[in-house]
Amino acid sequence: MKYGLLMPLTFQSIDKNIELVNQLENENIDSLWLRDIPLIQTSNTDFGSKLDIFTQLTYMAEKVNQRYILGSAVINTGFRTVIPTINAMMSLISLYPNRKFDFGIGEGTKQEAFQATQLDWGNKTKEFIKWITKYNELSEKVFQNKIKVGDAYMTWPKKVSSLPKLTLSTKNEEVINKFSSIIESDILWFSTQDEIKNLQLKFSNTNFQLFLSVDLVENFDGIDYINKGQKFIRLSPETLVALAAEYKTLGISRIILSINNSENINTTLNKLLEKI
């Protein structure tokens, strides 16, 4: 099983976080992920990142060990329109051609953030589908280093044959089926084994990843499922690895971990690295 880490790992500076991940030597941790949360939600302690996601991805592309995939989990289609997002993605690809990026796209889960920005929470799924539809249309119009948009063009410094495939965050079967040609993988958030089995059975060619928010506790038996404004599970590193083995049999290729107990992150990571 491959593992990704959701950044930041600690409430220290971005440079301290980068220093921490650059010291990790376990090849099973292959990716680093950022959220796209412009506003902190007061109902829980899930702060996401305090920095703009594309600015931080650019900074990390300069500083982080080349072996890491850099991913977004996820770019919020409620806050970001299609064309500026494509331009940001293609800028990263053009500036860092040897770096692997994984662009996750989702409809957003922070209701307070939608309300604060006067976006329609009830309409977010419809807007998500509209966003993906537009991306799909534009992906079919790439010619050399250009995309024609009406009477204008999007263009980049180097020739590209296509827009990058996306990592969607959805369990919407109609969306997965309709847009399979532009889907590289799918991030499932807090999914039951039955949900995973059902999706894997119907979409066996789709690469599924699983997001888990965890509180890793040494010498802890069992699994506690906790919902205190945000969902997370409390378990030991040993139990996490055993759980990962089960998920692997269901077709999950990578688990993206959001580690809650950041105050002891060095100890927590060392214990995790011993097990995976």
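Colleague: Quick one to start: is Phe190 buried or exposed?

Modeller: In between, actually: Phe190 is partly exposed, because its relative accessible area is 28%. The cut-offs are under 20% for buried and over 50% for exposed, with partly exposed in between (1.4 Å probe, protein chains only). Bear in mind that this is a predicted model, where local features need pLDDT of at least 70, side-chain atom pairs count only at pLDDT 80 or more, and totals for chains, interfaces and linings use all residues. Residues are numbered from 1 along each chain as its sequence is written, and side-chain values use heavy atoms, leaving out hydrogens and water.

Colleague: Where does Phe190 lie?

Modeller: In the loop between strand 9 (183-189) and helix 7. Helices here are DSSP runs of H or I with at least four residues, strands are E runs of at least two, and both are numbered from the N terminus.

Colleague: And what's its phi?

Modeller: About 50 degrees, so to speak on the unusual side: Phe190 has a positive phi although it is not a glycine. Most residues other than glycine have a negative phi, and most peptide bonds are trans.

Colleague: Which other residue has a positive phi without being glycine?

Modeller: Gln118 does, with phi near 60 degrees. Gln118 sits in the loop between helix 4 (111-116) and helix 5. Gln118 counts as exposed because its relative accessibility is 76%.

Colleague: Which residues does a cis peptide bond join in strand 3 territory?

Modeller: Ala73 and Val74, with omega about 0 degrees. Val74 is in strand 3. The bond from Met7 to Pro8 is cis too, with omega near 0 degrees, and Pro8 belongs to the loop between strand 1 and helix 1 (14-22).

Colleague: Switching to helices. At what angle do helix 3 and helix 5 pack?

Modeller: About 55 degrees, with the axes 10 Å apart; helix 3 covers residues 82-95 and helix 5 residues 124-139. The axes are lines fitted to C-alpha atoms, for helices over the stretch in contact, and angles run from 0 to 180 degrees between N-to-C directions. Helix 3 and helix 5 are therefore oblique to each other. For reference, under 35 degrees is roughly parallel, over 145 roughly antiparallel, 65 to 115 roughly perpendicular, and the rest oblique.

Colleague: Which residues meet there?

Modeller: From helix 3, Val82, Ile83, Thr85, Ile86 and Met89; from helix 5, Trp131, Lys134, Tyr135 and Leu138. Contact means heavy atoms within 4.5 Å. By class, that contact has 7 nonpolar, 1 polar and 1 charged residues. Nonpolar covers Ala, Val, Leu, Ile, Met, Phe, Trp, Tyr, Cys and Pro, charged covers Asp, Glu, Lys and Arg, and the others, Gly among them, are polar.

Colleague: OK, and helix 2 with helix 3: what angle do they pack at?

Modeller: About 5 degrees, with axes 11 Å apart. Helix 2 and helix 3 are therefore roughly parallel to each other. Phe54, Leu57 and Thr58 of helix 2 make the contact with Thr85, Ala88, Met89 and Leu92 of helix 3. That contact has 5 nonpolar, 2 polar and no charged residues. Thr85 and Met89 turn up in the list for helix 5 as well.

Colleague: On to strands. How many residues of strand 13 are buried?

Modeller: 7 of its 8 residues, so strand 13 (residues 252-259) is mostly covered, by the definition of buried above.

Colleague: How does strand 1 pair with it, parallel or antiparallel?

Modeller: Parallel: strand 1 (residues 2-6) and strand 13 share 4 bridges, and Leu5 has Leu257 as its bridge partner. Strands count as paired if DSSP finds at least two bridges between them. Strand 10 (residues 207-216) also runs parallel to strand 13, joined by 7 bridges, with Gln209 opposite Arg254.

Colleague: What's the order of the open sheet of 3 strands?

Modeller: 5-6-7, with antiparallel pairing. Strand 5 (142-143) and strand 7 (152-155) are the edge strands, each pairing on one side only. Strand 5 pairs with strand 6 (residues 146-149) over 2 bridges, and Val142 is partnered by Ile147.

Colleague: Last one: is Thr206 buried or exposed?

Modeller: Buried, because its relative accessible area is 17%. Thr206 is in the loop between helix 7 (193-202) and strand 10. Not counting residues up to four places away in sequence, Thr206 touches Ile176, Asp186 and Gln200.
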